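Colleague: Please look closely at one part of this model, namely any internal space and the residues that surround it. I should also like to know how buried or exposed the relevant residues are.

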Amino acid sequence: MTGLRLIAAGHTRALRRAVFGGDDPLDEAGRTIAGTLDIPGGGGPWTSAPSRAARETAALLGATPGIDPALADPGYGTWTGHTLDQIDPADLHTWLTDPAAAPHGGESHTQLLTRATTWLHTRTEPTLTAVAHPMIIRAVLAAALDLPATAIRRLDIAPLAVARLTRHPDGWHLHLPQSTP
């Protein structure tokens, strides 16, 4: 693979409420904004996380993506469906500061980075566009840039953000497109 475009799925009600996990569709604003984005085609095939939000985002961008389970939203175990204020603060602190910790019984940041790294390094397409939850995009970027698992929480990826990676002999390079007013 030489080129990878990453698009974060649009807003959902759960994302706006900081709910862990779930499979909500895009909310009205998420659908409206996704429908106005100008994402040029070309660049090879499209793939999507299996989530409704990722599939809807791709469809609103005019794509019919293949579904890739490796791009699934992180597993949040017992936290699924809960908001931040419903999580034990000590457990949340542990999860945010220890990349190997998974107090919820789901995926740790280390496991998420391993999954993203495996996905990235097994791509065979010359170019690809992938749509997934912002957390997955963060993990793929960390994998591409050889960052540690602790970097996943330090990368802020907004819904509908677009990043482009290109492979060079010295590794992946990150390109952030110019935003339009």
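Modeller: A residue counts as buried under 20% relative accessible area, as exposed over 50%, and as partly exposed in between, with a 1.4 Å probe and protein chains only. The model is predicted, so to speak of a local feature takes a pLDDT of at least 70 and to count a side-chain atom pair takes 80 or more, while totals for chains, interfaces and linings use all residues. Residues are numbered from 1 along each chain as its sequence is written, and side-chain values use heavy atoms, leaving out hydrogens and water.

I begin with leucine 160. Leucine 160 is buried, because its relative accessibility is 11%. The residue sits in the loop between helix 6 (134–144) and strand 5 (162–168); helices (H or I, at least four residues) and strands (E, at least two) are DSSP runs numbered from the N terminus. Its phi is near 70°, a positive value in a residue other than glycine. Although leucine 160 and valine 131 are 29 residues apart along the chain, 9.0 Å separates their C-alpha atoms.

The loop between helix 6 and strand 5 also holds leucine 145. Leucine 145 counts as partly exposed, because its relative accessibility is 30%. Between leucine 145 and leucine 174 there are 8.0 Å from C-alpha to C-alpha, and a sequence separation of 29 residues.

A positive phi occurs at alanine 18 as well, where the value is near 60° in a residue other than glycine. Alanine 18 belongs to the loop between helix 1 (13–16) and helix 2 (28–36). With a relative accessibility of 31%, alanine 18 is partly exposed.

Alanine 18 leads to the largest pocket. A pocket is an open set of points on a 1 Å grid over the protein atoms alone, with protein on both sides within 12 Å along at least five of seven lines; a cavity is a set where a 1.4 Å probe fits but cannot get out, and lining residues have an atom within 4 Å of a point. The largest pocket has a volume of about 610 Å³, volume being the space filled by probe spheres set on the points, which are joined across faces, edges and corners. Its lining consists of 29 residues, and those closest to the pocket centre are Leu15, Ala18, Val19, Tyr76 and His133. At least two lining residues come from each of helix 1, helix 4 (89–97) and helix 6. By class, the pocket lining comprises 17 nonpolar, seven polar and five charged residues, where Ala, Val, Leu, Ile, Met, Phe, Trp, Tyr, Cys and Pro are nonpolar, Asp, Glu, Lys and Arg charged, and the others, Gly among them, polar.

The enclosed space comes next. One cavity of 30 Å³ or more is found in a search of the whole structure, and the largest cavity holds about 40 Å³ of space. Lining the largest cavity are Pro74, Gly75, Tyr76, Trp95, Glu107, Ser108, His109, Leu112 and Met135. Five of the lining residues of this cavity are nonpolar, three are polar and one is charged. Tyr76 therefore appears in the cavity lining and also among the pocket residues closest to the pocket centre.

Trp95 deserves a closer look within the cavity lining. Tryptophan 95 lies in helix 4, the helix that supplies at least two residues to the lining of the largest pocket. Tryptophan 95 is buried, because its relative accessible area is 6%. Its C-alpha atom is 19 Å from that of isoleucine 157, and the two residues are 62 apart in sequence.

Histidine 121 completes the account. Histidine 121 is found in helix 5 and is partly exposed, with 48% relative accessibility. From histidine 121 to tryptophan 172 the C-alpha atoms are 11 Å apart, with these positions 51 residues apart along the chain.
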